[in-house]
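Dear colleague,

I am passing a structure on to you and would be grateful if you would look through it. An account of the findings accompanies it.

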Amino acid sequence: MKRHLVSAADLSRDDALLILDTAEELAQLSGRAVKKLPTLRGRTVVNLFFEDSTRTKTSFEVAEKRLSADVINFSAKGSSVSKGESLKDTALTLQAMGADAVVIRHHASGAPARLAQSDWLHGSVINAGDGTHEHPTQALLDAFTMRRHLNPGGGNDLAGRRVTLVGDVLHSRVARSNVHLLNTLGAQVTFVAPPTLLPIGIENWPCEISYDLDSVLPKTDALMMLRVQRERMNAAFFPTEREYSRRYGMNGRRMAQLPDRAIVMHPGPMVRGMEITAEVADSPRCTAIEQVANGVSVRMAVLYLLLGGAVFADAPTDAPRTDSVETAK
Ligand code: NCD
């Protein structure tokens, strides 16, 4: 396991399975009256958010608190970043305050990698979404959710499972992280999107491409709807919203074409009426809210393994010891 989690491609199959299995153990905690473990007592985790977030930020914070870490929330708005302070000076300031890990969300693709490669911070860097690049903990929580639904009798990976991602692949860090992790776990990935919302070079990604959602639905085990990311668009990528929804939106009629056990996923925020109708969003097949709950367990597992439990392949001299969740209780 590497010291930082910047890309889903950083994870070997064994790393990914270790995180998912650890998350499964930690998930049992959420059913208890007291939901806390002392594992990260005395460790400081900084949530460094330069971009808006509801689910990811809250879920990291809950995960950190459940592991008893000291949590510092830093958002660009209201900090010296709005006075022009650089990422480097911000990082050096956090290091001076003794940050053991930094969870970073940034509008610039590559910002977490820059932090991880620098000597500005000594702790772990966890990417909570950078520009249109990656969002590895989202891919992990998605895989966790799929594993629970698609392997009801147990079973470790997602070998042979058919996962379809629909929508704005061009601007989606969720899609990029998912294609890496799903391939690592043996799943087959298909993207369905208008040609204008597919990135250049996608033919080299390990996935299939389709422009016809209806024909892919019967061959799908997990369908992941992606939001159209208007905030990242500087041009018209499709004629009208109505046209987009008609061709690429998920609705009740399309849901009926999915195999019986198939699930409909969404990372949130959902734009109801655009990529998904209320009928689908509120149906028992839609796992959007469950994904949020699973996000806490998965982020606990990542923090636990990076800060408390694993020996890193790229460890500095003061590598943390190996522990089990059991002994940490
Ligand atoms: C996604 C993100 O921010 O990349 N949301 C999330 O983290 N749950 C997807 C999106 O914004 O559409």
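The paragraphs below describe the sheet, two of the helices, two selected residues and two points in the loops. Please note that this is a predicted model.

I begin with the sheet. Five strands form an open sheet, arranged in the order E7-E6-E5-E8-E9, with parallel pairing. Strands E7 and E9 (263–265) occupy the edges and have a single partner strand each, so one side of each is without a neighbour in the sheet. From one strand to the next, the twist averages 20°.

Within this sheet, strand E6 (residues 188–192) has four of its five residues buried, and it is therefore largely enclosed by the rest of the structure. Strand E5 (residues 162–166) pairs with E6 in the parallel sense over five bridges. Valine 166 has valine 192 as its bridge partner in E6. Between E5 and E6 the chain passes through helix H6 (residues 173–184), and this β-α-β crossover is right-handed. Strand E6 is also joined to strand E7 (residues 208–210), by three bridges, and these two run parallel. There, phenylalanine 191 has isoleucine 209 in E7 as its bridge partner. Towards the other edge, strand E8 (residues 222–225) runs parallel to E9, and three bridges join them.

Helix H6 lies across E5, E6 and E8, and runs at about 155° to E6. Arginine 173 belongs to this helix. Is arginine 173 buried or exposed? Its relative accessibility is 7%, so arginine 173 counts as buried, the cut-off being under 20%. Leaving aside residues up to four places away in sequence, arginine 173 touches eleven residues that include Glu51, Arg105, Asp130, His135 and Arg232. One of these, histidine 135, is 38 residues from arginine 173 in sequence, yet 5.5 Å from it in space, C-alpha to C-alpha. The side chain of arginine 173 also reaches the backbone oxygen of glycine 131, at 3.1 Å.

The second residue I would point out is valine 264, in strand E9. Which residue is the bridge partner of valine 264? The partner is leucine 223. Valine 264 has 0% relative accessibility and so counts as buried. Among the residues it touches, not counting those up to four places away in sequence, are Leu223, Met225, Met250, Ile276 and Cys286. Valine 264 and histidine 149 are 115 residues apart in sequence and 11 Å apart in space, C-alpha to C-alpha.

Helix H1 (residues 13–27) consists of 15 residues and reaches 21 Å from its first C-alpha to its last, close to the 21 Å expected. Its buried residues include Asp15, Ala16, Ile19, Ala23 and Leu26.

Two points in the loops remain. Most residues other than glycine have a negative phi, and most peptide bonds are trans. The peptide bond from glycine 268 to proline 269 is cis, with omega near -5°. Proline 269 is found in the loop between E9 and helix H10 (278–281). Serine 68 has a positive phi, near 70°. This serine 68 sits in the loop between helix H2 (55–66) and strand E2 (70–75). With 17% relative accessibility, serine 68 counts as buried.

With kind regards

Key: Residues numbered from 1 in each chain as written. Predicted model: local features only at pLDDT ≥ 70, side-chain atom pairs only at ≥ 80, totals over all residues. Heavy atoms only, no water. Buried < 20%, exposed > 50% of the residue type's maximum accessible area, 1.4 Å probe, protein only. Pairing = 2+ DSSP bridges. Right-handed = clockwise from strand over helix to strand, strands pointing away. Expected span 1.5 Å × (residues − 1). Axes fitted to C-alpha atoms, helices over the stretch in contact; angles between N-to-C directions. Contact = heavy atoms within 4.5 Å. Polar contact = N/O pair within 3.5 Å; in protein donor to acceptor, adjacent residues only side chain to side chain.
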